[in-house]
Amino acid sequence: MLPFLHEWFVRPRHALVLTVIVAVLLFSAVLLHELGHLWAARRSKIAAERIELYLFGGRILFRPFGQIRAPWAWIYAAGPMVNLTVGLLFLAGYYLFAASAGPGLSLVPPPLEPLRLLAWTFALGAVLNLALACLNLLPALPLDGGFIARELLQARLSPQAATRIVGICGLTLSTLRMVAMLWVASKGFLIWLPPPFGPNWRAARGIRKTKAVRRKPAPEEAETLEWRGKGGRPIRR
């Protein structure tokens, strides 16, 4: 609703239509992102229990998978790749079916004309999916790109060193995103951009969010794995 705050006071019906379009496109992009992770995990013989969606992200909870060694870098990369593909399809659809209707994506809400609205929808779908793919590939936590970078670095470095390097990159990107958010706010628009500061600060300092307690597991205790699509690395518990 925030991008059309002015429209809600002037033309509420117009604002409602645009808000519904944005909500459907945004949640579809997030859902397809998580389904990409799910598809890659199933290809690695890992089954999921459920998908949870949030306002700007989601996560997958996996079932126990025993001693299977999962290719996590591939699983992390599958979500952004799905958004990249969907974004290119929206872009192709815009140029094939709607470019003749005039400018597609604009900060000025389009009129409720079928062709103009179709062009705007195609353009917005392309921007949302391509932006989600690019942002998630940034080498910072808790984004997919941060976990991909950590998995690749762990092939040559220790897990602690790999995590610290990704955390330092994340701190740099988090500082830059604050500058970008302030600049956009000065233009009259409020947006939130990843990555957050906290996870990268802990990673750079080598601090775990929770302390692990060493104990001998009971024979009957099952191992579960929680996958956090945007919020963290798989955690065995």
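I began with the term nonpolar core, by which I mean a set of buried Ala, Val, Leu, Ile, Met, Phe, Trp, Tyr and Cys residues joined through side-chain atoms within 4.5 Å; buried means under 20% relative accessible area, exposed over 50%, and partly exposed in between, with a 1.4 Å probe and protein chains only.

**Ground rules.** I am working with a predicted model, in which local features need pLDDT of at least 70 and side-chain atom pairs count only at pLDDT 80 or more, while totals for chains, interfaces and linings use all residues. Residues are numbered from 1 along each chain as its sequence is written, and side-chain values use heavy atoms, with hydrogens and water left out.

**Cores.** I looked up the largest nonpolar core and found 19 residues, of which I46, F62, W72 and I75 have the most contacts inside it. At least two residues of this core come from each of α2, β2 (58–62), α3 (72–98) and α5, and α3 gives the largest share, five residues. I also noted a second, separate core of six residues, with L18, I21, L117 and W120 among them.

**Overall layout.** I counted elements as DSSP runs numbered from the N terminus, helices being H or I with at least four residues and strands E with at least two. On that basis the protein chain has seven helices and four strands, and their order from the N terminus is α-α-β-β-α-α-α-α-α-β-β. Of the 237 residues in the protein chain, 39% are buried. Taking a contact as heavy atoms within 4.5 Å, I found that 61% of the contacts with a separation of 6 or more in the protein chain are between residues 24 or more positions apart.

**Helix α2 and what follows.** I compared helix lengths with an expected span of 1.5 Å times one less than the number of residues. For α2, with 32 residues, the expected span is 46 Å and the end C-alpha atoms are 46 Å apart, which agrees. After α2 comes K45, with a positive phi near 70°; K45 sits in the loop between α2 (12–43) and β1 (48–53) and is exposed, at 67% relative accessibility.

**Peptide bonds.** I noted as background that most residues other than glycine have a negative phi, and that most peptide bonds are trans. I then looked up two cis bonds: L141 to P142 has an omega of about 5°, and P194 to P195 has an omega near 5°. P142 is placed in the loop between α4 (114–136) and α5 (144–153), whereas P195 is in the loop between α6 (159–186) and α7 (198–205).

**Helix α6.** I checked this helix in the same way: α6 has 28 residues and reaches 40 Å from its first C-alpha to its last, close to the 40 Å expected at 1.5 Å a residue. Its buried residues are A162, T163, V166, G167, G170, L171, S174, R177, M181 and V184, and what covers them includes α5 and α7. I followed S174 in particular, which is buried at a relative accessible area of 2% and touches P195, P196 and F197, leaving aside residues up to four places away in sequence.

**Packing of α5 on α6.** I fitted axes as lines to C-alpha atoms, for helices over the stretch in contact, with angles from 0 to 180 degrees between N-to-C directions. The axes of α5 and α6 come within 9 Å and cross at roughly 145°. The contact is made by G146, A149, R150 and L153 of α5 with A162, T163, I165 and V166 of α6.

**Aromatic pairs.** I paired rings of Phe, Tyr and Trp (its six-membered ring) with centres within 6.5 Å, calling planes under 30 degrees apart stacked, over 60 edge-to-face and the rest tilted; the count comes to six aromatic pairs. W72 and Y76 form a tilted pair, 6.2 Å centre to centre with 35° between the planes, and, being four residues apart in helix α3, they are separated by about one helical turn. W72 is buried at 9% relative accessible area, and Y76 is buried at 0% relative accessibility. The rings of F90 and F122 have centres 6.1 Å apart and planes at 65°, so I entered this pair as edge-to-face. F90 lies in helix α3 and F122 in helix α4, so the pair ties together parts 32 residues apart in sequence. I closed with one aromatic cluster, formed by W72, Y76 and F147.
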